[in-house]
Amino acid sequence: LTDCYAVVDEHLMSRVLDYLVGNALKFSPAQTSIIVQVEQPSSQISRIKVIDQGNGISDENKELIFDKYKVVELKKSGVSQTGLGLFFCKMVISAHDGKIWIEDNPSGGAVFIFEFPSQTSGPV
């Protein structure tokens, strides 16, 4: 086994997580779970998922929601969301040489996923 770690700006990454979890809470029904998963799919990649059980995002809006000031309608809810939050998340993740995207939660809702490079410290 090897130890893997990522070098990140803890304050900016904390804001990204706060925003994604806050959005998940805001747009999910009461009494549903919000799950934060941390994965290490390889020694070169760290991945974090924020999984909710809300209405999700329509396919045509999945790329648009990361644009600055973009207004998108949330799937099945008629609620419009606009602002800088997801744009900010994209900029922070990009500054860490990473990427962010959204997928459908198979049980309903959305999965926001971001990943960035990891480093290996050697054998444990």
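In this predicted model, helix 1 and helix 2 cross in the left-handed sense. Helix 1 spans residues 10-27 and helix 2 spans residues 85-95. Two packed helices are described by the angle between their axes and by the distance separating those axes. Here the angle is about 145 degrees, and the axes lie 10 Å apart. On the side of helix 1, the contact is built from Leu-12, Met-13, Arg-15, Val-16, Tyr-19, Leu-20 and Asn-23. Helix 2 answers with Gly-85, Leu-86, Phe-88, Cys-89, Val-92 and Ile-93. Sorted by character, the residues of this contact comprise 10 nonpolar, two polar and one charged.

Stepping back to the whole chain, the protein holds two helices and eight strands. Following the sequence from its start, these elements appear in the order β-α-β-β-β-β-α-β-β-β.

A good place to look at the strands is the pair formed by strand 2 (residues 35-42) and strand 3 (residues 45-51). These two strands run antiparallel and are paired over six bridges. One residue to find in the structure is Val-38, whose bridge partner in strand 3 is Ile-48. The link between strand 2 and strand 3 is a hairpin of two residues.

Some overall values complete the picture. Of the 124 residues in the protein, 34% are buried. Among contacts with a separation of 6 or more, 57% join residues that are 24 or more positions apart. The accessible surface amounts to about 7,300 Å², and carbon and sulfur atoms contribute 52% of that area.

Methods: Residues numbered from 1 in each chain as written. Predicted model: local features only at pLDDT ≥ 70, side-chain atom pairs only at ≥ 80, totals over all residues. Heavy atoms only, no water. Helix = DSSP H or I, 4+ residues; strand = E, 2+ residues; numbered from the N terminus. Buried < 20%, exposed > 50% of the residue type's maximum accessible area, 1.4 Å probe, protein only. Contact = heavy atoms within 4.5 Å. Areas by Shrake-Rupley, 256 points an atom, 1.4 Å probe, with all protein chains shown as cover. Pairing = 2+ DSSP bridges. Axes fitted to C-alpha atoms, helices over the stretch in contact; angles between N-to-C directions. Left-handed = near helix turned anticlockwise from the far one by under 90°. Nonpolar A, V, L, I, M, F, W, Y, C, P; charged D, E, K, R; others polar.
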